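Colleague: Could you take a close look at one part of this model for me? I'd like to follow a single piece carefully and see how its surroundings fit together.

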Amino acid sequence: MTSVCMHETAIAGNIIDIVTETGRRHPDVEIKRVRVVIGEMIAVVPELLLHAYDSLITDTPLQYSSLDLTIIPVTANCSQCDASFGIDEFEFTCPFCQSSSIQLTSGHEFYVKEVEVEPCPS
């Protein structure tokens, strides 16, 4: 894969900035794994994000770290019939009463959940 989407590259850069700052505050540890939660509404292609991360960490203090993604599906609650359901194919209507009066309950998440570290070798 030679080109990476700018969207995923920018997101990977933001993740790296966050994790790098964490590393600066704890210079006695080596970052091994970064766990990120991303909702489907963020519209990230996981494979491109992983590739962008791997490309951007080359020759940096994060070069031996890995990125784990947890993708959160889009879910909603109907304001009309109070049903809870998953959103498929970005169709924002209630599958039970066909109302378009819905509230999204998940799918907008985007955060670094956890940074796994090990003590630096002495």
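Modeller: Happy to! Let's begin at I38, whose bridge partner in β2 is I71. This is a predicted model, in which local features need pLDDT of at least 70 and side-chain atom pairs count only at pLDDT 80 or more, while totals for chains, interfaces and linings use all residues. Residues are numbered from 1 along each chain as its sequence is written, and side-chain values use heavy atoms, with hydrogens and water left out.

The strand to follow is β1, residues 29-39. Elements are DSSP runs numbered from the N terminus: helices are H or I with at least four residues, strands are E with at least two. Two strands pair if DSSP finds at least two bridges between them. With β2 (residues 66-72), β1 shares 7 bridges, and the two run parallel. β1 is also joined to β6 (residues 110-119), here by 9 bridges and in an antiparallel arrangement. There, V36 has V112 as its bridge partner.

How do β1 and β2 connect through α2? Together, β1, α2 and β2 make a right-handed β-α-β unit (with the strands pointing away from the viewer, the path from the first strand over the helix to the second runs clockwise).

The same elements lead us into the largest nonpolar core, which has 16 residues. Such a core is a set of buried Ala, Val, Leu, Ile, Met, Phe, Trp, Tyr and Cys residues joined through side-chain atoms within 4.5 Å, where buried means under 20% relative accessible area with a 1.4 Å probe, protein chains only. α1 (6-25), β1 and α2 (46-56) each supply at least two of its residues, and α1 gives the largest share, 5 residues. I15, V34, L49, Y53, L62 and L67 touch the most other members. L67 shows this nicely: leaving aside residues up to four places away in sequence, L67 touches I15, V34, V36, L49, L50 and Y53 (contact is heavy atoms within 4.5 Å). So V36, the bridge partner of V112 in β6, is also one of the residues that L67 touches.

Apart from the largest core lies another, of 8 residues, including V74, F85, I87 and C94. F85 takes us to another set of strands, since F85 in β4 is the bridge partner of A76. β3 (residues 75-78) and β4 are joined by 3 bridges and run antiparallel. They belong to an open, antiparallel sheet of 3 strands in the order β4-β3-β5, with β4 (84-86) and β5 (102-106) as its edge strands.

Note on methods:
Buried < 20%, exposed > 50% of the residue type's maximum accessible area, 1.4 Å probe, protein only.
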